[in-house]
Amino acid sequence: MIIETMTIEQIAHALYQDEFAGWTYEGAYALADYMDTLSAELGEDIAFDRIAWRCDFNEFSSLDDYIEQCGDEDIEDWDDVDGLVSVLDNGGAIVHAQ
């Protein structure tokens, strides 16, 4: 098995380049940072799998976008969203798919 260690920036760039996911660079970086932090907290390596991450996480441009796509009308704030990974500076967020 060949293993390559990637920096957060390399992971973010690879995610951003995924034409089927449509990540913003900020969203890609937030997801890469989250996975790096999770790896450290678990004390385990996490394999980079762009396709699996594309399926397991979603980027929403705004809370209204999340509500519209997920139909969860009782949500008033990002903190109310199950699976929230990161709130982005642009008002969007990365959410673990439920």
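Does Ala30 count as buried or exposed, and at what relative accessibility? The points below take up this residue and then the rest of the structure.

1. The model discussed here is a predicted one. Ala30, the residue of the opening question, is part of helix H2, and it counts as buried because its relative accessibility is 12%, where buried means under 20%. Between Ala30 and Ala12 there are 7.9 Å in space, C-alpha to C-alpha, although the two stand 18 residues apart in sequence.

2. Met1 offers a case to set beside Ala30, and it belongs to the segment before H1. With a relative accessible area of 94%, Met1 is exposed, since that word is used for values over 50%. From Met1 to Trp23 the separation is 22 residues along the sequence, while their C-alpha atoms are 29 Å apart in space.

3. The largest pocket deserves a careful look, and its space comes to about 520 Å³. Two elements give two or more residues each to its lining, namely helix H1, which covers 8-16, and helix H2, which covers 25-42. Of the elements, H2 supplies the largest share of this lining, with four residues.

4. In total, 17 residues line the largest pocket, and those lying nearest its centre are Glu4, Met6, Ile46, Ala47 and Phe48. By character, the residues of this lining divide into eleven that are nonpolar, three that are polar and three that are charged.

5. On the sheet, a reader may wish to follow the strand order on the structure itself: three strands form an open sheet in the order E1-E3-E2, and their pairing is antiparallel. Strand E1 (57-60) and strand E2 (84-87) are at the edges, and each has a single partner strand, so that one side of each is left without a neighbour in the sheet. From one strand to the next, the twist averages 15 degrees.

6. The pairing of E2 with strand E3, which spans residues 93-96, is made by three bridges, and these two strands run antiparallel. One bridge can be traced by residue, for Ser86 has Ile94 in E3 as its partner. The hairpin of E2 and E3 has five residues between the strands, and in this hairpin Gly91 takes a positive phi near 95 degrees.

7. How many disulfides does a search of the whole structure find? The search finds zero, and the distances of two cysteines can be examined in turn. For Cys55, the closest cysteine sulfur is that of Cys70, and because the two sulfurs are 15 Å apart, they are too far from each other for a bond; the cut-off for a disulfide is a pair of sulfur atoms within 2.5 Å. Seen from the other side, the sulfur of Cys70 has that of Cys55 as its closest cysteine sulfur, again at 15 Å.

8. A last point concerns the accessibility of these two cysteines. Cys55 counts as exposed, with a relative accessibility of 53%, whereas Cys70 is partly exposed, its relative accessible area being 41%.

Terms used. Residues numbered from 1 in each chain as written. Predicted model: local features only at pLDDT ≥ 70, side-chain atom pairs only at ≥ 80, totals over all residues. Heavy atoms only, no water. 1 Å grid on protein atoms, 1.4 Å probe; cavity = no way out; pocket = protein on both sides within 12 Å on 5 of 7 lines; lining within 4 Å. Points joined across faces, edges and corners; volume = space filled by probe spheres on them. Nonpolar A, V, L, I, M, F, W, Y, C, P; charged D, E, K, R; others polar. Buried < 20%, exposed > 50% of the residue type's maximum accessible area, 1.4 Å probe, protein only. Pairing = 2+ DSSP bridges. Axes fitted to C-alpha atoms, helices over the stretch in contact; angles between N-to-C directions.
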